[in-house]
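Reader: I am new to this structure and would like to go through it slowly, one question at a time. Could you show it to me before we begin?

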Amino acid sequence: MQTVTPPVVGPAYLIRTDSPLGRLEITADDEAITTLAIEREGRLPWEHLPERSSTLLESARSQLAEYFAGERRDFDLPVRLGGTEFQRSVWAELSALPFGGVLSYGEIGLATGRPTAGRAVGGAVGANPVPIIVPCHRVLGADKRITGYSAGAGIPTKTWLLDHEGIAHR
């Protein structure tokens, strides 16, 4: 009996672009950005697939280049975020946080109605599928300490983003 392996299905649209943080890989469906990955140890999640651009992804590439050049402070891109209801509530708080702004994990817990859910907030922040555009790097410990970062090279990536936006941290 022969086993048939189903084909790997990838994102509808996919581009890669260079940044000061390393290569970025952005995916989208017909209506919204669905993921943004920052290169980690020279790898990207869908690097085995060819690029398939769209008008939306070209706009994302352009806006990210403007952000990194210091010419853009917010993004005007539709984003589709899956996740649980709690994760989406955390990501909504992040999306409302302006350039240069910062929140603590506890403040996000309060804002989402779960004031004692610091660990869950941290998990939701770390699971953000669209970093930079949904600015999870703007979350610090209550004492302004960097407690971690799950994208790119981790804490060095977060440090670069915070410094780029002039956000004080420890």
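Reader: Which residue does the UniProt annotation "active site" cover, and in which loop is that residue found?

Author: This is a predicted model, and the annotation is taken from an unreviewed UniProt entry, where "active site" covers Cys-136. As for its place in the fold, Cys-136 is found in the loop between H4 and strand S5 (139–140).

Reader: Does Cys-136 count as buried or exposed, and with what is it in contact, leaving aside its neighbours within four places in sequence?

Author: The relative accessibility of Cys-136 is 5%, and because buried means under 20%, Cys-136 counts as buried. Leaving aside neighbours within four places in sequence, the residues in contact with Cys-136 are Leu-94, Val-125, Asn-128, Pro-131, Tyr-149 and Lys-158.

Reader: Ile-132 is in the loop between H4 and S5 as well; what is its phi near, and is it buried or exposed?

Author: With a relative accessible area of 1%, Ile-132 is buried. Its backbone takes a positive phi, in a residue other than glycine, and the value is near 75°.

Reader: Which residues touch the most other members of the largest nonpolar core, and which element gives the most to this core?

Author: Of the 38 residues in the largest nonpolar core, those that touch the most other members are Ile-33, Leu-36, Leu-64 and Ile-132. Two or more residues come from each of S1, S2, S3, helix H1 (55–68), helix H2 (85–95), helix H3 (105–111) and helix H4 (118–126). The element that gives the most to this core, with six residues, is H1.

Reader: With which residues is Leu-36 in contact, once its neighbours within four places in sequence are left aside?

Author: Among the contacts of Leu-36 are Leu-24, Glu-25 and Ile-26, and also Leu-64. The rest of the list, again leaving aside neighbours within four places in sequence, is Pro-129, Val-130, Pro-131, Ile-132 and Ile-133.

Reader: Why is strand S2 (residues 24–28) largely enclosed by the rest of the structure, and which residues lie on each of its faces?

Author: Five of the five residues of S2 are buried, and the strand is therefore largely enclosed by the rest of the structure. Both faces are covered, since the buried residues are Leu-24, Ile-26 and Ala-28 on one side and, on the other, Glu-25 and Thr-27.

Reader: How many bridges join strand S1 (residues 13–17) to S2, and which residue of S2 is the bridge partner of Ile-15?

Author: S1 and S2 run antiparallel and are joined by five bridges. They form a hairpin with six residues between the strands, in which Gly-22 takes a positive phi near 110°. Within the pairing, the partner of Ile-15 is Ile-26.

Reader: What joins S2 to strand S3 (residues 33–38), and which residue of S3 is the bridge partner of Thr-27?

Author: S2 and S3 pair in the antiparallel sense over five bridges, and the hairpin they form has four residues between them. Leu-24 stands opposite Ile-38 in S3, while the bridge partner of Thr-27 is Thr-35.

Reader: Glu-25 lies in strand S2; is it buried or exposed, and which backbone nitrogen does its side chain reach?

Author: At 2% relative accessibility, Glu-25 counts as buried. Its contacts, leaving aside neighbours within four places in sequence, include Leu-14, Ile-15 and Arg-16, as well as Leu-44, Pro-45 and Glu-47. The side chain of Glu-25 reaches, at 2.9 Å, the backbone nitrogen of Trp-46.

Reader: Which residues of H2 are buried, and within what arc do they fall when seen down the helix axis?

Author: The buried residues of H2 are Phe-86, Gln-87, Val-90, Trp-91 and Leu-94. They line one face of the helix, because, seen down the axis of H2, they fall within an arc of 135°. What covers these buried residues includes H3, H4 and S5.

Reader: Where is Glu-41 placed, is it buried or exposed, and what is its phi near?

Author: The place of Glu-41 is in the loop between S3 and H1. Its relative accessible area is 79%, and because exposed means over 50%, Glu-41 is exposed. Glu-41 is a residue other than glycine with a positive phi, and that phi is near 50°.

Technical notes:
Residues numbered from 1 in each chain as written. Predicted model: local features only at pLDDT ≥ 70, side-chain atom pairs only at ≥ 80, totals over all residues. Heavy atoms only, no water. Buried < 20%, exposed > 50% of the residue type's maximum accessible area, 1.4 Å probe, protein only. Pairing = 2+ DSSP bridges. Core = buried A, V, L, I, M, F, W, Y, C linked by side-chain atoms within 4.5 Å. Contact = heavy atoms within 4.5 Å. UniProt positions renumbered as here; feature names shortened; annotations may be inferred. Polar contact = N/O pair within 3.5 Å; in protein donor to acceptor, adjacent residues only side chain to side chain. Arc of directions from axis to C-beta.
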